[in-house]
Amino acid sequence: MSAPGAVVAEFARAEEMVAALRAVRDAGWQRIDAHGPYPVPEAAEIIGTRGWPVAAIAVGAGILGGALQYGAQWYLSVHDYPLNVGGRPLHAWPLFLPATYIVAVLWAAVAALLGMLWLNGLPRLHHPVFAAPGFERAMEDRFFVSILPAAGEASRAEALLRAQPGALRVERVP
Amino acid sequence: MPQHFTPRADGRLRLALLLGLAALIGAALLAFVMVRSDHAWAVGRPAPQPIPFSHALHAGGLGLDCRYCHAGVERAAEAGMPSASLCLGCHGDVWAGATALAPLRDSLALGAPIPWSSVHRLPDHTRFHHGAHIAAGAACETCHGRVWEMPQTIKVRPMSMGWCLDCHREPEPRLRPVEAVFDRDWQGRPPPANPHAGGAVSPLTQCSTCHR
Amino acid sequence: MSRADARTISGVPLARFGLAWWLAFGAAAGGVVLLGVAIAVLLWRGTGVWGTNIPYVWGFDLINYVWWIGVANAASLFAVILVLRRHGLRTAVNRFAEAAALAAVVAAALYPILHLGRPWLFHWVFPYPATTQFWPQFRSTLIWDFWGITSHVLVTGLFWTIGLIPDLATMRERAAARGRRVLALAYGIGALGWRGSMAHWARHQLAYRLVAALLLPLLLAAQTVVALEFATTVMPDWHQARLPLHVVVTGLPSGLGVVLALAALLREGLGLHREIDDGDMRLLSRLTAAAATACLWIYAEELLFGLVLEGPETRAAMAIRAFGTYAAIYWAAVVLTALLPLLLWSDRIGLGAWTAVPIGLLAAAGVWLDRFSLVVAGAERSNLPLPRPPYGPSGWEWGLFLGTIALFALLMLVFARLVPVVSMYEMRHEEAESPAA
Amino acid sequence: MTDTPPDRREVLRLAAASLALAAAGCDSGPDEFGHPLHGAAEGGGEAASFATVLELGGLGRGVLVRRRGGHAIKLEGNPDHPASLGATDVFAEAAVLSLHDPARSRRVREGGRPRPPAALDAALASVRAELLPRGGAGLLLVTGPIASPTTARLIRAVLQDFPAARWQQHDPLADDAGLEGATRAFGQPVATLPDFALARCVLALGADPLGPGPAQLRLARDWSHARAEGRDRGDLPVLMVAEATPTLTGARADRRLAMREVEPFTRAIATALRVPGLADTGTHPEAAPVAKALLRAGEAAVVLAGPSQPVAVQALAHAINATLGSTVMRHVEPPFARPGPMGDSALAAALAAGAVTHLLVLGVNPAGTAPALRGTMAQRPFSLHLGAHVDETAHLCRWHAPLAHELEGWGDTRAFDGTAAIRQPATTPLVPEARGLDDVLAALLGLAERGEALVRATWQASWGEAGFEPRWRAALEAGVVEGTESPALRPALRADWDPGPPAPPPSGLLAIFAPDPHLLDGRFAENAWLQELPRPLTKTAWGNAVLVAPADAAALGLTAGDEVLVELAGRSLKAPVLPLPAQPSGCVTLPLGGGREAGGEVGTARGFDAALLRDPASPWAAGPVTLRRTGQRAAIIATQTGMPADPPPVLAPGESIPPRAPGPSLYPGWTYEGQAWGMAIDLDSCIGCNACAIACQAENNTPVVGPQEVARGREMHWLRIDLHQAEDHTIFQPVPCMHCEKAPCEVVCPVNATVHDDQGLNLMVYPRCIGTRTCSNNCPYKVRRFNWFDYARSEGGLALRNPDVPVRPRGVIEKCTYCQHRIATARTQARLEGRPVRDGEVETACQRACPTQAITFGDVNDPASAVSRAKEEGRNYALLGELDTRPRTTYLARIAPGDTGSAG
């Protein structure tokens, strides 16, 4: 229990949270996060999160899925069990394209979801920040800034957060 | 605010997700294996027969040729089952009064076929010609196994479509010279080339080759 | 302010279910039982329980399939466009437009399976290693359609699920606050531990819009693939380059009509006048009217080309659709799909629940008649014009159709009760950013 | 909800179980789907063929019986038999179903209750004992027309034993007027035997030589040969028909004159040809050109009068032939044992004359076909009916005995030209208690012999003992008895011949009675194949309709499917009407053979029974008849409900169709090396007889679906015959699968269930089919059929199934395979013998059945093959060629009639 937990500050407004977050980052804290009921892009920027890896995963998966689909169609139709179907050639590429395209989209979409969850470290049902008093309002109308300080630094973090304008309360969570 | 979930809940959820995924993959693998199992194709399972006939005794012990009883095998679609009178040709003298042979005598009296249970029954939608396979150099043993060693006749191959295709796609290594088709201890080498294979779509893997 | 508003929405799932809901649920469940019976009879007796024959090989099976796909596509398309444009309306209606799309695509997905002569062999269209060592025929439009409908179900479901995650987290907190522990755990697992982290939000929003962006071409592709199933045949009425356009465009009034009717019903039924305001309804009505205007153009073009400019085969086929055995259905489709919704250009009609609901539903019915005309009357003239006994749907086809409508209603009722009908986080976002807040 | 399972199939299913019991010990057929016949009793399941003979109207057509496991499964024509020449008609093809009919009578009955067969023998013995002392007085034997030497011998013996007994042959469709007409013309009854091979000009006066009948196969073959030679020579023979009801001959005629009465026209022709001794001359606007055409052909012309024509027309036809010096028309002794009147009026007279105490009705059903006679047949002290079914006559008779099917027992018969043939059993007897007609006669005679012994005795008497056995065996193997055709007669026209006075013109609407093309007088009503086979000219099935001229229908305010009350001479019935352009105005056709009262599950109440209105005194035409609309609708079940918009091309003689260049394609084509199967169907030869369609059904185990399903458009026939009827010509177009090289059906199948093989066959792989029906939708020819219900299984395990062809389960598509099993059999055989498949070695079932050899099949890669040569003709064209599907089945176009003198 004495292990250093997170220090969480509650704000009523997004702008206050963003300002506090910027101050915390400027103070050199590395392991910081912010929570709120809707996306605030500036906050994500300050934390240093970029969305593009999700897109990269989706595009990569789409290309892979499409290639697998086309490859499977080609291999199974041309090599594994070739058959004369209506006088069409074995490798009837125009007819292989629609399914390839659709399957590529399917892979990309599934990868976007899974990639998002993976990058977010979800699902994670238990998280220290949930223990912060009043944190349920992070899903409603309040904003939180959290710092995960190294051992012995908790008081410094707490002090910094308390100093932020608009900080309604600052708590330590185990 | 209290935690909704204990720290262990995450482990449990991840385990559950992992197990679910494993179960899915496992079920697929199990299905893959099961449908290929000997059990699914009744391989090795003897059928109940009206007469306790032993190939091991007749073909193995006495050395009767396959064609002695299955006379149509070289020219007809069906290899043919021996008539009761053929059986009784010997069994008029040997084991003449045995109760086990009663179906033979009934068959002869009524002119009805002996109700053997088929061990190598193929579905109605397949066309199989014994004569054609013999002529191509497919030995009895290749499909039926070492029947002359079987006290009870059993299937040794699944006779699934995939199994048929395995040979139809690449018959050469499984064929013999036509003279050796009935040879039980043949050790030679397969003939060099199959006359029917070839082309963009091999005639041997056309649907109409085996399906009617 | 915003907190109170969102309470109305989340209050719906958390409140005890009212009598009206239970009555509606009972009716829909009864309809789903009918669906079960219709399916059981179909599986037990065979496709012959329908009124189909040669050359009318398809009846309600394909009509309903194409229609439901149209409803799903138009509803999805609507939701996707809202998300991508970050339009104000999206806060109000995109969640249930997505839900309607999902329910419709589930209803649609039944038909490709049930229309088979041997539905239990459906898995043969999927390439898996069988003991026959035999594979699907990848040149078939039906294979495209298999992947299309599979992807459609999955991606629509994903789109809906991704949007739902943060709201489920809110629901988790509210259920916990009310002391409903089991519900809180259920929502909690559904929310996957969402904690509103700004880092998560950033990736979530990107993924959400990415899936929306992917859904858009998929929708067009899926609808087009359905149309290509017809257009690539040699049937004179179907073998048309314009057919995909026809199917996509005439699909719009059905989905928009259904969403419009649902929006009006929700607004009145759940008292969501603030959440779905007049501006939302006006935009939705006008979109439906615009879709009808596009249909009007499509029909006019089709008649002009089909009856005057095309070759003799096509002219004969078009003439049979417009003036043959099933002419009444064709013209009813034109009136309901392309003419009636034009009334929605008027605010007085578009904003009134008692006018918008029937017009929206009639537009959807009109598109259904258009599909009837396409699938049945389009088959009347085959290449060898043989006069043949006509098609008439059997009672079991009606049972199946009503059953899938009930299934759609049941899914929507369950959605309305278990998950927020309007995206709460988007509403908060909206209000936080609006100058009034 | 709206449909109920066809109850007929339920019955068949139940009955099939009993059949399986009856057939126990033989091969029991497939026990379930997915399992083949196994352990067949004979020869490991290999096919065996037997030559025998089937009768139609008492006259034989030779057939070869293919059997498996002891069961006859398919009949084909015997090429050596003069009345078959290798072809079959619909009745011969359907015989295997009658043989295996689960509704067949199986028990000897007295008063409706089953009795042991010995009781009937005892009863017949006591009849003999009772009648012998009084010389047979009161005994009346009623049989069908008898040409069989053995039956004739036995009947003669009966009449010898019982001199006071009487024998009446009965056939509701008998040509009584023909015999009378011949007597008026020549002073003796003769049978006419036209040789169409020699004909240059044929005029049929209400005659239907190409229609159903015992000589149909021969006449159709001769006619098509004459036409083929004419095509080669550029001088086509001319077929002209004057008739009051649509017939196949009329449909195929180069010139068809629809008229409600033929007699005035005939008199006008005779007048124009200056037939000597003609008392009453006549005029007719069409007579002059027809007479001119006849005159131009001279001795190669022939005039035929049909059985439905009055005696005067018959006599006039003989006189015209005599005047023309026709060598086409030959005359022979009638092949029947005792030629004479056989129609309903003759039977009525026989029943009325004297006190009939003992009535033996053997092999006919007069109570069914002539309802007017029911009253006079009932209540005889002793009556026996021998028949295949417990039918209307069986209900009137005290005793009933099941009649053995022709394929089950011994016998003999003669063909229309007199050629005799021995009938031998070609199947395992399915009804143990069944007996043949000869057996009953033998019992009446107190003879101990039955079956084969009776037939042998007949031929032993004719051939003598010496060398009998080899001759007997040869006759059995060949299916004909050599040198038995009737000698030609050369009757001269009597100097004092007189056709009789002209008939007074009828008033009002005239009712024309015509045999149903498939059921005839109703004798085949219990055969489900024949019921379900669409009639050639109406495309109706499972019922009939009053055929009305469109003009008359319009005048009466009637449309197709309206129910009318038909009234004739105080009798009336309700029937649907069908306006038909080929029906002449002023008369209506009432098809016989429908509405059977006791026709079993299959035959009862299918349509209406026109025989109820038929007066034995004027069986073919009567008037005035009135039609009144009842206001009800009566469904007409038809597979084609109108005329297709695109008729096939008709070429002028010598004209040819330019071959179509293959269309552009994105893809390279496939090449077919080795054998490539193809078919050519000659529309100039096709007479629309339906033999191909039913042969296909018999060969390919095509299920019967029943009237409800046909009404819904779900018939299963693999070979459809499209009817194109225009003002001046009718074209029958048989449409099997085209086996397109660029098959639209195959590309759309998602599971590879329909693909091509290396010989170009469009295969349908039933076990792979999941039933999307997309292939059917995309088939431009609409030749694919779908198993909407479990048709095959609900028919039960009928033993007549062809084991080479699998039965199709519910939910799969099926279609013509080009008789792929026959190709495979030939290919395997050829491979085993180390030779290529020979041209003509593979014959499809439809090709084999066709009486005019309109269907050619073979290897299109072999330029010398018959089919390649046919396709080389200028008349060759592909159906829907503009779609560029490259069909392997192509058509040879019809040639327009040349000069038939219509221009005057």
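Q: What makes the seven strands of chain D count as an open sheet, and how are they ordered?
A: In this predicted model, 7 strands of chain D follow the order β5-β4-β16-β15-β14-β6-β7. The sheet is open, with mixed pairing. At its edges stand β5 (113–114) and β7 (166–169) of chain D, and each pairs on one side only.

Q: How do you know that strands β4 and β16 of chain D pair?
A: Pairing asks for at least two bridges between two strands. β4 (residues 109–110) and β16 (residues 399–402) of chain D have 2 bridges, in the antiparallel sense. Therefore they meet the requirement of at least two bridges. One bridge can be named: D:R109 has D:H400 as its partner in β16(D).

Q: What makes a set of residues a nonpolar core, and which members of the largest one touch the most others?
A: The members must be buried residues of listed nonpolar types, joined through C-beta atoms within 7 Å. The largest such core has 510 residues. C:A75, C:A100, C:A104, C:V211 and D:V546 touch the most other members. Helix α7 (residues 198–231) of chain C gives the most to this core, with 22 residues.

Q: Which residues does C:A75 touch, leaving out those up to four places away in sequence?
A: C:A75 touches C:A97, C:A100, C:A101, C:A104, C:G255, C:V258 and C:V259.

Q: Which residues belong to another core that lies apart from the largest one?
A: That other core has 9 residues. Among them are B:A79, B:A139, B:C140 and B:V181.

Q: Why is chain B not described as a compact globule?
A: The globule rule for 212 residues gives a radius of gyration near 17 Å. Chain B has 25 Å. The value for chain B does not match the rule, so the chain is not described as a compact globule. Along the principal axes, its C-alpha atoms fill a box of roughly 95 × 50 × 35 Å.

Q: How many helices and strands does chain B have?
A: Chain B has 9 helices and 0 strands. From the N terminus, the elements run α-α-α-α-α-α-α-α-α.

Q: What share of chain B is called buried, and what does a residue need for that?
A: A residue needs 20 or more other C-beta atoms within 10 Å of its own. In chain B, 21% of the 212 residues are buried.

Q: What share of the contacts in chain B join residues at least 24 apart?
A: Counting contacts between residues at least 6 apart in sequence, 63% join residues at least 24 apart.

Q: Into which domains is chain B divided, and how far apart are their centres?
A: Domain 1 of chain B covers 55–65 + 72–78 + 117–210, and domain 2 covers 82–115. Their C-alpha centres lie 29 Å apart.

Q: Into which domains is chain A divided, and how far apart are their centres?
A: Domain 1 of chain A covers 6–47 + 126–173, and domain 2 covers 52–120. Here the C-alpha centres lie 44 Å apart.

Q: How do you know that chain A touches chain C?
A: Contact asks for C-beta atoms within 7 Å. By that cut-off, 57 residues of chain A are in contact with 49 residues of chain C. Elements of chain A that give two or more residues are β2 (32–35), α2 (41–47), α3 (52–80) and α4 (93–120). The largest share, 18 residues, comes from α4(A). This side of chain A divides into 42 nonpolar, 8 polar and 7 charged residues.

Q: How many residues of chain A are in contact with chain B?
A: 16 residues of chain A are in contact with 12 residues of chain B. On the chain A side, 11 are nonpolar, 3 polar and 2 charged.

Key. Residues are numbered from 1 along each chain as its sequence is written. Chains are lettered from A and ligands numbered from 1 in the order in which they are written. This is a predicted model: local features need pLDDT of at least 70, side-chain atom pairs count only at pLDDT 80 or more; totals for chains, interfaces and linings use all residues. Domain bounds come from an automatic or database domain assignment. Helices (H or I, at least four residues) and strands (E, at least two) are DSSP runs, numbered from the N terminus. The radius of gyration is taken over C-alpha atoms; the globule rule is 2.2 Å times the number of residues to the power 0.38. A residue is buried if 20 or more other C-beta atoms lie within 10 Å of its own, exposed if 12 or fewer, and partly exposed in between; C-beta atoms are placed from the backbone. Two residues are in contact if their C-beta atoms, placed from the backbone, lie within 7 Å. Ala, Val, Leu, Ile, Met, Phe, Trp, Tyr, Cys and Pro count as nonpolar, Asp, Glu, Lys and Arg as charged, and the others, Gly among them, as polar.
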